[in-house]
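Hi everyone, thanks for coming. I'd like to walk you through how the helices pack in this one, so let's get it up on the screen.

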Amino acid sequence: MAETIIPKATAKRLPLYYRYLNFLANSGTTKVSSTELSEAVKVDSATIRRDFSYFGALGKRGYGYDVMDLLKFFKKILNQDRLTNVALVGVGNLGHALLNYNFRQANNIRISAGFDVNPALAGTIQSGVPIYPMSELVKQLKDQQIEIVILTVPTDAAQGITDNLVAAGIKGIMNFTPLRISVPSYVRVQNVDLATELQTLIYFLDHYGPTLQDTDEDDIE
């Protein structure tokens, strides 16, 4: 049977649901309603029910959702049992912050290798992560079988490095540079532009105030 394709907005909410379900399980809660989930994660209950409906019957009318059953289901969907090693390319100020953070709240993700042009950083260990020179980028990514990269390099270097990442077999790039990098269709890019996000926040505060609720625009595709 073909795998169900879910909207991007739904996919983005799945880790949020999983995190809160973990909290409920650790507190001893055995069942939860969509209304209770809605209040906790700040997503309306109709959206939650629609999100869950993409995966079949996950709950029972009049009962709600079994917390452990949901937790096990989303753990499988989100591959929480599998450790994913990620590389960081660019160990500047933002890169160092990401190394220090290193997804400590996510047991299944870790930055296992870093790369930088600075010869003073190459060959060192930063926050427990080995840093390699850029000349070893393709070789190390292939040798370590890393398929996901966080890109935090200067804009003028972003596309050239991206081309090398593609040559190394990378399948996913989290792009923190302002440049919209070009990749083949089989490589997925997630753009994270902090300046744009902050400017968007300021715009909505200036024009609509702090109470405007997010819409599900990403679901309309």
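Let's begin with helix H2, residues 34–41, and helix H3, residues 45–53: their axes come within 8 Å and cross at roughly 110°. An angle between 65 and 115 degrees counts as roughly perpendicular, so that's what we call H2 and H3. The crossing of this pair is right-handed. Who's touching whom? On the H2 side we have Ser-34, Thr-35, Leu-37, Ser-38 and Val-41, and on the H3 side Ser-45, Ile-48, Arg-49 and Phe-52. Sort the residues of that H2–H3 contact by class and you get four nonpolar, four polar and one charged. Do keep in mind that this is a predicted model.

Okay, next pair. Helix H1 covers residues 8–26, and its axis comes within 11 Å of the axis of H2, with a crossing of roughly 105°. So H1 and H2 are roughly perpendicular to each other too. Here the contact is made by Leu-16, Tyr-17 and Tyr-20 from H1, with Leu-37, Ala-40 and Val-41 from H2. And which classes turn up in the contact of H1 with H2? Six nonpolar residues, no polar ones and no charged ones.

That leaves H1 with H3. These two pack at about 100°, and their axes are 11 Å apart. Once more, that makes H1 roughly perpendicular to H3. From H1, Thr-10, Arg-13 and Tyr-17 meet Thr-47, Ile-48, Arg-50, Asp-51 and Phe-52 of H3. The class split for the H1–H3 contact is three nonpolar, two polar and three charged.

Two of those residues deserve another look. Asp-51 forms a salt bridge with Arg-13, and their closest N and O atoms are 2.7 Å apart. Asp-51 sits in H3 and Arg-13 in H1, so this pair ties together parts that are 38 residues apart in sequence. If you search the whole structure, you find three salt bridges.

Last thing, from the database side. UniProt, in an unreviewed entry, lists residues 16–55 as "DNA-binding region". How far apart are the end C-alpha atoms of residues 16–55 in the model? They lie 16 Å apart, and the span is 70% helix and 5% strand.

So, to recap the packing: H2 is roughly perpendicular to H3, H1 and H2 are roughly perpendicular to each other, and H1 is roughly perpendicular to H3. That's it from me, happy to chat.

Terms used
Residues are numbered from 1 along each chain as its sequence is written. This is a predicted model: local features need pLDDT of at least 70, side-chain atom pairs count only at pLDDT 80 or more; totals for chains, interfaces and linings use all residues. Side-chain values use heavy atoms; hydrogens and water are left out. Axes are lines fitted to C-alpha atoms, for helices over the stretch in contact, and angles run from 0 to 180 degrees between N-to-C directions. Helices (H or I, at least four residues) and strands (E, at least two) are DSSP runs, numbered from the N terminus. Angles under 35 degrees count as roughly parallel, over 145 as roughly antiparallel, 65 to 115 as roughly perpendicular and the rest as oblique. A crossing is left-handed if the near helix is turned anticlockwise from the far one by less than a right angle, and right-handed if clockwise. Contact means heavy atoms within 4.5 Å. Ala, Val, Leu, Ile, Met, Phe, Trp, Tyr, Cys and Pro count as nonpolar, Asp, Glu, Lys and Arg as charged, and the others, Gly among them, as polar. UniProt positions are given in the numbering used here, feature names are shortened, and annotations may be inferred rather than shown by experiment. A salt bridge is a side-chain nitrogen of Lys or Arg within 4 Å of a carboxyl oxygen of Asp or Glu.
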